[in-house]
Amino acid sequence: LAKELFSDLPEIAERVSQDIVALDRVIANRNASQEAQRKWASEISYTVEVGLFFRNTLSISPDGIYWKGERLPLQDITGVSYGGTQHSVNGTPTGIYTITLWRGRAATQIELRDKLAYTTFIDKLWQAVTGPLIVGILARLKDGEEIAFGPVMVRDEGITLPKHRFFGLGGTQPFKCSWDEIRVWDEDGSFCIKATTDSSAHASLSYIHTSNAIVLATAIRVGFKKGIRRLSDTL
C-alpha cells in the first residue's frame, strides 16, 4: 500500500521496496530458525575420549564445553588460545596440543596428544566460540573501545606496539601505528607484528599462551586482504 501511495516519490518507493525485501528475509529466517539452530548444534557438537591410562571426556555442544567434570558455557568464554609443540620420544615424533579457554583472568587448559581429536575440536571451537569472538571484538572496536592483546593495545584505527629501547634499558614505551604502518607474520608459534616506520616497535603474541592472539591475527589478515582503514570495516 505504501509503495502505491508514494509511487511519485522515487526515494520513498525505493526505500519501501528495500523494506519489503528485508521483511521477507526476516520472515524466512524466523521460519527457518529452528532448523538452522538444529543444523548449527549438529555442526559444533563433538565428544571424544582422550588419555592413555586415565581417560577423560572432552565434548562441545550448545550446552557448553565439558572437560574433567567442568562445564564452560559458550557465552562465558572471553578468550581462546591454542597450538601444538612437537617432540621426539626414542626417535618417534609426538606432539602435545594445548587449548586454553579464558573466562576473564580464569583459564581452563586442555592438553591433547591425539592430533585428529585436536584438529576436530578446534574446528568445532571455531564455529561455536572463536568466530563469534572475532565479530564481537570488531563490534567493540567500532564502538570506540581499545582492547589489549598481550603487550599491544588495539583500537579501530590502528595498534599501539611496545617500542623497545636499545639493549633493553629503560623498558618500553608505547608506539602508535595505523594499519598501513605495520607488517605481520608467523614465527615459532607466535603472531608477530612490527612497525614499518620504526623497527624497534614490535611484539610477538604466542598462539598458545596469549588470549585471543588467533582472533587478532585473523581479523588483521582479513582486514589487510580487504584493504581496510579501520579494523571493524572487515564486518
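This briefing covers the overall make-up, the salt bridges, the first hairpin and a surface patch of one chain. The model is predicted. The chain has 235 residues, and 39% of them count as buried. Four helices and 14 strands make up its secondary structure elements. Six salt bridges are present.

**Overall make-up**

- The chain exposes about 14400 Å². Carbon and sulfur atoms supply 54% of that area.
- Among contacts with a separation of 6 or more, 42% are between residues 24 or more positions apart.

**Salt bridge Arg-230 to Asp-156**

- The side chains of Arg-230 and Asp-156 form a salt bridge, with an N to O distance of 4.0 Å.
- This pair links distant parts of the chain, 74 residues apart. Arg-230 sits in the segment after helix H4 (213-226). Asp-156 sits in the loop between strand S9 (152-155) and strand S10 (158-164).
- Arg-230 is partly exposed, at 38% relative accessibility. Asp-156 has a relative accessible area of 4%, so Asp-156 counts as buried.

**Salt bridge Asp-198 to Lys-163**

- Asp-198 and Lys-163 meet through their side chains in a salt bridge of 3.0 Å, N to O.
- Asp-198 lies in the loop between strand S13 (190-195) and strand S14 (202-206), and Lys-163 lies in strand S10, so the bridge ties together parts that are 35 residues apart in sequence.
- Asp-198 has 17% relative accessibility and is therefore buried, because the cut-off for that class is under 20%.
- Lys-163 is partly exposed, with a relative accessible area of 23%.

**Salt bridge Arg-221 to Asp-186**

- Arg-221 forms a salt bridge with Asp-186. Their closest N and O atoms are 3.2 Å apart.
- Arg-221 belongs to helix H4 and Asp-186 to strand S12 (residues 182-187), so this bridge ties a helix to a strand across 35 residues of sequence.
- Arg-221 is partly exposed, with a relative accessible area of 32%. Asp-186 is partly exposed too, with a value of 45%.

**A salt-bridge network**

- Asp-156, Glu-157 and Arg-230 are joined into one network by salt bridges that share partners.

**The S1–S2 hairpin**

- Strand S1 (46-50) and strand S2 (56-61) are separated by a loop that holds Phe-53.
- S1 and S2 form a hairpin with five residues between them. They pair in the antiparallel sense over five bridges.
- Thr-47 stands opposite Ser-59 in S2.
- Gly-51, in the turn, has a positive phi of about 110 degrees.
- In a regular strand, side chains alternate between the two faces of the sheet. S1 shows such alternation.
- Tyr-46, Val-48 and Val-50 point to one face and are buried. Thr-47 and Glu-49 point to the other face and are not buried.

**A nonpolar surface patch**

- Leu-52, Phe-53 and Phe-54 form a nonpolar patch on the surface. Together they have about 500 Å² of accessible area.
- Phe-53 has a relative accessible area of 74%, so Phe-53 counts as exposed; the cut-off is over 50%.
- The patch member Phe-53 has its place in the loop between S1 and S2.

Methods. Residues are numbered from 1 along each chain as its sequence is written. This is a predicted model: local features need pLDDT of at least 70, side-chain atom pairs count only at pLDDT 80 or more; totals for chains, interfaces and linings use all residues. Side-chain values use heavy atoms; hydrogens and water are left out. Helices (H or I, at least four residues) and strands (E, at least two) are DSSP runs, numbered from the N terminus. Buried means under 20% relative accessible area, exposed over 50%, partly exposed in between (1.4 Å probe, protein chains only). Patches are made of residues with over 30% relative accessible area and no salt bridge: like charges are joined within 9 Å, nonpolar side chains (Val, Leu, Ile, Met, Phe, Trp, Tyr) within 5 Å. Accessible areas come from the Shrake-Rupley method with a 1.4 Å probe; for residues, only the protein chains shown count as cover. Two strands pair if DSSP finds at least two bridges between them. Contact means heavy atoms within 4.5 Å.
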